[in-house]
Amino acid sequence: MNMEYAPPLSFGPDGAKKHVEVFLNTACPYCLNFFLAAHEAVMPRVESGEVRYTIKHYDKPKVRLLHGTIANLFIDYNQPNEAYEIMKSLFLTQKEWAHLDSGEIEQMMEQEYGCQEQRSTMNLSLDITKEALERSILVVPTVFINGEKFEFDSMSEPRQISEKLANILDW
(Lines give C-alpha, C1' and ligand atoms only; values in the text may rest on other atoms or scores of the structure.)
Protein backbone atom coordinates (compact mmCIF):
# COMPACT_ATOMS: atom_id res chain seq x y z
CA MET A 1 0.00 0.00 0.00
CA ASN A 2 1.23 3.49 -0.80
CA MET A 3 2.14 5.00 2.55
CA GLU A 4 1.76 8.52 1.12
CA TYR A 5 -1.97 7.86 0.86
CA ALA A 6 -4.48 6.65 3.38
CA PRO A 7 -8.08 5.73 2.66
CA PRO A 8 -10.95 7.16 4.71
CA LEU A 9 -11.75 5.12 7.81
CA SER A 10 -14.19 2.49 6.62
CA PHE A 11 -15.63 -0.68 8.12
CA GLY A 12 -17.98 -3.34 6.83
CA PRO A 13 -18.47 -4.96 3.45
CA ASP A 14 -18.49 -2.93 0.24
CA GLY A 15 -21.75 -4.59 -0.78
CA ALA A 16 -23.66 -3.90 2.45
CA LYS A 17 -27.31 -2.87 2.01
CA LYS A 18 -26.76 0.29 4.07
CA HIS A 19 -23.87 2.74 3.95
CA VAL A 20 -23.43 5.29 6.72
CA GLU A 21 -21.00 8.07 5.88
CA VAL A 22 -20.09 10.82 8.34
CA PHE A 23 -18.01 13.96 8.10
CA LEU A 24 -16.85 14.84 11.61
CA ASN A 25 -14.08 16.41 13.66
CA THR A 26 -12.77 15.09 16.99
CA ALA A 27 -12.79 18.59 18.55
CA CYS A 28 -16.52 19.10 17.89
CA PRO A 29 -18.77 18.30 20.89
CA TYR A 30 -21.72 17.58 18.59
CA CYS A 31 -19.61 15.09 16.66
CA LEU A 32 -18.96 13.38 19.99
CA ASN A 33 -22.71 12.83 20.33
CA PHE A 34 -22.93 11.28 16.87
CA PHE A 35 -19.78 9.18 17.29
CA LEU A 36 -21.06 7.64 20.54
CA ALA A 37 -24.48 7.05 18.97
CA ALA A 38 -22.95 5.40 15.92
CA HIS A 39 -20.72 3.26 18.10
CA GLU A 40 -23.88 1.82 19.65
CA ALA A 41 -26.16 1.71 16.59
CA VAL A 42 -23.86 1.30 13.61
CA MET A 43 -20.86 -0.75 14.72
CA PRO A 44 -22.86 -3.89 15.71
CA ARG A 45 -24.51 -3.78 12.27
CA VAL A 46 -21.08 -3.42 10.67
CA GLU A 47 -19.90 -6.52 12.53
CA SER A 48 -22.91 -8.48 11.27
CA GLY A 49 -22.25 -7.37 7.68
CA GLU A 50 -25.42 -5.28 7.33
CA VAL A 51 -23.76 -1.85 7.19
CA ARG A 52 -20.69 -0.19 5.73
CA TYR A 53 -19.54 2.74 7.91
CA THR A 54 -17.22 5.41 6.54
CA ILE A 55 -15.80 8.07 8.84
CA LYS A 56 -14.23 11.13 7.23
CA HIS A 57 -12.43 13.45 9.60
CA TYR A 58 -13.15 16.87 8.11
CA ASP A 59 -10.37 19.26 8.98
CA LYS A 60 -12.75 22.14 8.47
CA PRO A 61 -11.01 25.51 8.65
CA LYS A 62 -12.73 26.77 11.78
CA VAL A 63 -10.92 28.00 14.87
CA ARG A 64 -12.65 25.74 17.39
CA LEU A 65 -12.01 22.67 15.21
CA LEU A 66 -8.27 23.26 14.69
CA HIS A 67 -7.40 21.18 17.75
CA GLY A 68 -9.08 18.20 16.10
CA THR A 69 -7.22 18.90 12.87
CA ILE A 70 -3.86 18.84 14.67
CA ALA A 71 -4.67 15.56 16.44
CA ASN A 72 -6.04 14.04 13.22
CA LEU A 73 -2.75 14.52 11.38
CA PHE A 74 -1.17 11.98 13.74
CA ILE A 75 -3.72 9.20 13.12
CA ASP A 76 -2.58 6.46 10.74
CA TYR A 77 -5.66 5.55 8.71
CA ASN A 78 -3.75 2.69 7.09
CA GLN A 79 -4.33 0.97 10.46
CA PRO A 80 -8.16 1.29 10.61
CA ASN A 81 -8.89 -0.53 13.87
CA GLU A 82 -6.19 1.36 15.73
CA ALA A 83 -7.30 4.63 14.09
CA TYR A 84 -10.89 4.02 15.26
CA GLU A 85 -9.77 3.34 18.83
CA ILE A 86 -7.63 6.50 18.88
CA MET A 87 -10.52 8.53 17.49
CA LYS A 88 -12.85 7.03 20.10
CA SER A 89 -10.40 7.90 22.87
CA LEU A 90 -10.01 11.45 21.54
CA PHE A 91 -13.77 11.89 21.62
CA LEU A 92 -14.05 10.50 25.14
CA THR A 93 -11.28 12.78 26.42
CA GLN A 94 -12.23 15.79 24.31
CA LYS A 95 -12.76 18.13 27.26
CA GLU A 96 -9.28 17.35 28.54
CA TRP A 97 -7.33 18.19 25.38
CA ALA A 98 -9.51 20.61 23.38
CA HIS A 99 -8.01 23.59 25.23
CA LEU A 100 -4.35 22.60 24.71
CA ASP A 101 -2.10 24.49 22.32
CA SER A 102 -0.82 22.87 19.13
CA GLY A 103 2.50 21.77 20.64
CA GLU A 104 0.75 20.16 23.59
CA ILE A 105 -1.62 18.29 21.25
CA GLU A 106 1.31 17.03 19.19
CA GLN A 107 3.05 15.91 22.39
CA MET A 108 -0.15 14.19 23.59
CA MET A 109 -0.50 12.30 20.31
CA GLU A 110 3.13 11.17 20.44
CA GLN A 111 3.31 10.29 24.13
CA GLU A 112 -0.17 9.01 24.97
CA TYR A 113 -0.99 7.34 21.65
CA GLY A 114 2.48 6.57 20.29
CA CYS A 115 1.66 8.36 17.04
CA GLN A 116 3.83 10.32 14.66
CA GLU A 117 2.61 12.90 12.16
CA GLN A 118 1.36 11.06 9.08
CA ARG A 119 2.00 12.44 5.59
CA SER A 120 -0.65 10.04 4.29
CA THR A 121 -3.20 11.57 6.66
CA MET A 122 -2.31 15.04 5.45
CA ASN A 123 -3.05 13.92 1.87
CA LEU A 124 -6.29 12.27 3.01
CA SER A 125 -7.29 15.46 4.84
CA LEU A 126 -6.85 17.47 1.65
CA ASP A 127 -8.98 14.95 -0.29
CA ILE A 128 -11.75 15.01 2.34
CA THR A 129 -11.72 18.82 2.47
CA LYS A 130 -12.02 18.96 -1.32
CA GLU A 131 -14.88 16.47 -1.26
CA ALA A 132 -16.68 18.36 1.53
CA LEU A 133 -16.45 21.61 -0.41
CA GLU A 134 -17.67 19.93 -3.62
CA ARG A 135 -20.62 18.40 -1.73
CA SER A 136 -21.39 21.71 0.04
CA ILE A 137 -20.89 20.23 3.51
CA LEU A 138 -21.01 23.21 5.81
CA VAL A 139 -21.15 21.71 9.29
CA VAL A 140 -19.91 18.74 11.26
CA PRO A 141 -21.31 16.29 11.87
CA THR A 142 -22.90 15.76 8.48
CA VAL A 143 -24.21 12.24 7.94
CA PHE A 144 -25.46 10.38 4.88
CA ILE A 145 -27.21 7.02 4.78
CA ASN A 146 -27.13 5.46 1.32
CA GLY A 147 -26.30 8.89 -0.08
CA GLU A 148 -29.27 10.61 1.55
CA LYS A 149 -28.64 13.23 4.21
CA PHE A 150 -29.58 11.94 7.66
CA GLU A 151 -31.32 14.73 9.54
CA PHE A 152 -30.95 14.70 13.32
CA ASP A 153 -30.44 17.10 16.18
CA SER A 154 -26.71 16.86 16.87
CA MET A 155 -27.26 18.48 20.27
CA SER A 156 -29.42 15.53 21.34
CA GLU A 157 -28.13 12.94 23.75
CA PRO A 158 -26.26 10.09 22.04
CA ARG A 159 -29.01 7.63 23.10
CA GLN A 160 -31.64 9.60 21.14
CA ILE A 161 -29.43 9.80 18.07
CA SER A 162 -28.62 6.10 18.38
CA GLU A 163 -32.32 5.17 18.48
CA LYS A 164 -33.04 7.27 15.39
CA LEU A 165 -30.09 5.73 13.57
CA ALA A 166 -31.15 2.21 14.54
CA ASN A 167 -34.70 2.82 13.31
CA ILE A 168 -33.48 3.99 9.92
CA LEU A 169 -30.92 1.23 9.58
CA ASP A 170 -33.48 -1.45 10.46
CA TRP A 171 -36.09 -0.06 8.10
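The side chains of K56 and E131 come together in a salt bridge, with 2.9 Å from N to O. This contact ties together distant parts of the chain, since K56 belongs to strand β3 and E131 to helix α7, 75 residues apart. Both K56 and E131 are buried. Please keep in mind as you explore that this is a predicted model.

**A network of charges**

K56 has another partner too. Its side chain also meets that of E21 in a salt bridge, at 2.7 Å from N to O. Here again distant parts of the chain are linked: E21 sits in strand β2 and K56 in strand β3, 35 residues apart. How much of E21 is accessible, in relative terms? The value is 8%, and because buried means under 20%, E21 counts as buried. K56 is buried as well, with a relative accessible area of 8%.

Which residues are joined into one network by salt bridges that share partners? They are E21, K56, E131 and R135.

Away from that network, D170 forms a salt bridge with R45. This pair connects helix α8 (residues 158-170), which holds D170, to helix α2 (residues 43-47), which holds R45, across 125 residues. R45 is buried, at 14% relative accessible area. A search of the whole structure finds eight salt bridges, and the table shows some of them.

| Salt bridge | N to O distance |
|---|---|
| E21 and K56 | 2.7 Å |
| D170 and R45 | 2.8 Å |
| K56 and E131 | 2.9 Å |

**A buried lysine without a salt bridge**

Now for K60, found in the loop between β3 (51-57) and α3 (66-72). K60 is buried yet has no salt bridge. Where is its nearest side chain of opposite charge? That side chain is D59, 12 Å away. Because a salt bridge needs the nitrogen and oxygen within 4 Å, D59 is out of reach for K60. Leaving aside residues up to four places away in sequence, K60 touches N25, L65, T69, L138 and V139.

**The sheet and the helix across it**

Let us step back to the strands. Five of them form an open sheet with mixed pairing, in the order β1-β3-β2-β4-β5. Which strands stand at the edges? They are β1 (9-11) and β5 (148-149); each has a single partner strand, so one side of each is left without a neighbour in the sheet. The partner of β1 is β3, and the two pair in the antiparallel sense over three bridges. Within β1, L9 stands opposite I55 in β3.

Helix α7 (residues 119-134) lies across β2 (18-24) and β3, running at about 100° to β2.

**Unusual backbone spots**

Most residues other than glycine have a negative phi, and most peptide bonds are trans. A few places in this model go the other way. S136 has a positive phi of about 60° although it is not a glycine. This serine is found in the loop between α7 and β4 and counts as exposed, at 54% relative accessibility.

N146 also has a positive phi, near 50°, and is not a glycine either. Is N146, in the loop between β4 and β5, buried or partly exposed? N146 is partly exposed, with a relative accessible area of 44%.

Last comes a peptide bond: the one from V140 to P141 is cis, with omega near 0°. P141 lies in the loop between α7 and β4 (142-145).

Technical notes:
Residues numbered from 1 in each chain as written. Predicted model: local features only at pLDDT ≥ 70, side-chain atom pairs only at ≥ 80, totals over all residues. Heavy atoms only, no water. Helix = DSSP H or I, 4+ residues; strand = E, 2+ residues; numbered from the N terminus. Buried < 20%, exposed > 50% of the residue type's maximum accessible area, 1.4 Å probe, protein only. Lys, Arg positive; Asp, Glu negative; His and termini not counted. Contact = heavy atoms within 4.5 Å. Pairing = 2+ DSSP bridges. Axes fitted to C-alpha atoms, helices over the stretch in contact; angles between N-to-C directions.
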